[in-house]
Amino acid sequence: MTRLDDYRHVAPPGVVDIILRLTERVRGRRVLHLSGGRFGEGAAEMLSTAVPLLNDLGLDTRWEITGGDAAFYATSSALRAALEGAERGLADEALNHYVEMNRINAKKLRLDADVVAIHDVQPAPLVAHRGDGRWLWRCHFDASRAQHRAWSFFGQIISQYDAAVFSLPEFGRRLSVPQYVIHPAIDPLSEKNREIGPRDVTTILGALRIGQDKALLLQVGAFNRAHDPLGVVNAYRLVKKHYDVRLVLAGTAGDDRESLDVLADLRQAAHHDPDIVVLELPPEAHRQINALQRAATIVLQKSVHVGFLSAAEAMWKGKPVIAGVGGGLSQQVINDVTGYVVHSVEGAAFRIRHLLNNPELIARMGAAGREHVRRAFLVTRHLMESLALLVHLTE
Amino acid sequence: MATTTNPFVFIGCVELRQALDWHALDERELMDRLEDVPADSIFYHTHGYFLRHRPLTTAYGNDFARWAAVEVRDQALAERLAVVDPFESRDLESLRQELVTIVHDHLRELTAVPRAEPPGVFHFQQSHIVTVELGPRATTLAEFHDGLAGVDASAIYFHMVEARARLGRPSGDFAEWMRTSLGLAALAERIERIDTFMTSLERVRARVLRLVDQALEAQDG
């Protein structure tokens, strides 16, 4: 098991000591986290790192998950999509069932704690059954473009909390409760981010049938329009006129129509160009993603409005990142210092060529990016701010 | 070497950010909001810049200047805002007035109000500082030196910035302790004169340490 002391050699000096001191201030308080599942990105990824660490430090921290029937999952999934701005039909009957399932879950759960943190959409209505203690809603997605009907329903639920926490100030909504901001973070000791040597990288890339004989451009992200993989292909084609490079698009494909269409277009592009590699990977392919990011020359994250941590993961591996303006990426990538923020396919192509033409910049930006992540996007900083919030809410 | 019964306690801090329901999409909105936002928000976007930004970050001096440069691409306003030294202002209300005046005067020269594209909205925030005691307490100048050398950089921010700007201790905690507890008025004055604007917390630490080193050498000599 990873322990807090293990982070001393990767976190900025002094941070672990501050965490230990903050822990002393909240010792004895009981904290309960509730989320919709134990696996995946966002809440589950963050909690699977933070909860064992906090317990190891002697804090009484529980993590429970909630569930329901198929209709409950369908409605909470549609509601989450609508809160992220997608068009979804939300029938009153379905929303009532979603609330009712949470009422049933509340009877099964032990909700007594000094601080109860509810993550994302699925368990949010549990707040109606709150007892003593402070309740906060932790939102791991961008709710700023929520559909009106979805938010007018959901906002009433959130107004029953004592506070909300968003990943960025621009991800929030007008609320009657205080909104705190805590950036998400990567775990530098996780399988996706821990150090792996060049020999292992070569072995893993060999297994994926990706050669290392030319410069590698990489984008990691779901095959959907939000990640704009087709825009990345177009940027690659502009670069390919001048440089013999390889493009790897690694990610997962959803089973919705849009994802299937995007994947078909990508496969078509790859069919005509052997230097375009479309890698469909399972969500648990952390070691493969780690190796790909380490093997990459330049990492692209041309997302339109998603993909918060992907740039931080690449920068932690010392890679310059060319990022789109959406999804908090411009918060991570310091333009002209750790990479470039671009607004178009042409901009991405221009910056790739600029870096390939000036390889000393690749090393310099990569090193700057790693230090930037060390300061701002490691789980130690996340723990520090979460404990500070705990102090603030309970003292 | 002088020993005090009033030891120096190093305090580290964590900045807990709070988003406010105040936003600006163009420079006129920025000016209007600057007039109305809580003083703590002015503090967060000016003095607080030095806690969040490290040498890697392009230095704009404060969040308003950075927004004007990066999101609005109005370099003239960015330059005018960037030179505002929050440490020279008497208090946060004076600082607020200085910022408002700069934006106001800038807008008078323009025929159209420059604006950011929608993702570049300025979101006003404020912060709550949560403090923790760090390291051993110092009762001599030598102990202070050793403590300062190893303490987390947030302690430099707390004692040199937060103490002066928000906690009503205009000399800063280092200088105040040296003057009142160790009787080192000259050293205190030199530390007070350290320019904390447009630099990093690590550089401020190095400058304080250098002055303390010199004072220790003088004591030994």
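What pLDDT does chain B average, and what share of its residues score at least 70? This is a predicted model, and within it chain B averages a pLDDT of 91, with 96% of the residues scoring at least 70. Confidence in chain B is lowest in helix α3 of chain B, residues 49–52, where the mean is 80, and it is highest in helix α1 of chain B, residues 27–36, at 98. For the model as a whole, the scores are an ipTM of 0.89 and a pTM of 0.91.

A sheet that draws strands from both chains is a useful place to begin. Eight strands form this open sheet, in the order β2(A)-β1(A)-β3(A)-β4(A)-β5(A)-β6(A)-β1(B)-β2(B), and the pairing is mixed. At the edges stand β2 of chain A, residues 60–65, and β2 of chain B, each of which has a single partner strand, so that one side of each is left without a neighbour in the sheet. From one strand to the next, the twist averages 25 degrees.

Two of the pairings show both senses that the mixed sheet contains. Strand β1 of chain A, residues 30–35, pairs with strand β3 of chain A, residues 115–119, in the parallel sense over four bridges, and here A:Leu32 stands opposite A:Val116 in β3(A). Where the sheet passes from one chain to the other, strand β6 of chain A, residues 179–181, is joined to β1(B) by three bridges, and these two strands run antiparallel; A:Tyr180 stands opposite B:Gln18 in β1(B).

The contact between the chains as a whole takes 23 residues from chain B and 30 residues from chain A. On the side of chain B that touches chain A, β1 (3–24) and β2 (122–140) of chain B each supply at least two residues, and the residues of that side divide into 11 nonpolar, seven polar and five charged.

Helices from each chain also meet the sheet. Helix α1 of chain A, residues 15–26, packs on the sheet and touches β1 and β2 of chain B, its direction making about 95 degrees with that of β2(B). Helix α7 of chain B, residues 141–150, likewise packs on the sheet and touches β1 and β2 of chain B, but its direction makes about 140 degrees with that of β2(B).

How do the helices pack against one another? Two packed helices are described by the angle between their axes and the distance between the axes. The axes of α1(A) and helix α14 of chain A, residues 379–394, come within 9 Å and cross at roughly 25 degrees, which makes α1(A) roughly parallel to α14(A). Their crossing is left-handed. Among the residues that meet are A:Ile18, A:Ile19 and A:Leu22 in α1(A) and A:Leu383, A:Met384 and A:Leu387 in α14(A), and by class this contact has 12 nonpolar, three polar and two charged residues.

In chain B, the axes of helix α4, residues 63–72, and helix α5, residues 75–82, come within 7 Å and cross at roughly 165 degrees, which makes α4(B) roughly antiparallel to α5(B). Here too α4(B) passes α5(B) in a left-handed crossing. B:Phe64, B:Ala65, B:Ala68 and B:Ala69 in α4(B) meet B:Gln75, B:Leu77, B:Ala78, B:Leu81 and B:Ala82 in α5(B), and the residues of this contact divide into eight nonpolar, one polar and no charged.

Conventions
Residues are numbered from 1 along each chain as its sequence is written. Chains are lettered from A and ligands numbered from 1 in the order in which they are written. This is a predicted model: local features need pLDDT of at least 70, side-chain atom pairs count only at pLDDT 80 or more; totals for chains, interfaces and linings use all residues. pLDDT is the predictor's confidence in each residue, from 0 to 100. Axes are lines fitted to C-alpha atoms, for helices over the stretch in contact, and angles run from 0 to 180 degrees between N-to-C directions. Angles under 35 degrees count as roughly parallel, over 145 as roughly antiparallel, 65 to 115 as roughly perpendicular and the rest as oblique. A crossing is left-handed if the near helix is turned anticlockwise from the far one by less than a right angle, and right-handed if clockwise. Two residues are in contact if their C-beta atoms, placed from the backbone, lie within 7 Å. Ala, Val, Leu, Ile, Met, Phe, Trp, Tyr, Cys and Pro count as nonpolar, Asp, Glu, Lys and Arg as charged, and the others, Gly among them, as polar. Two strands pair if DSSP finds at least two bridges between them.
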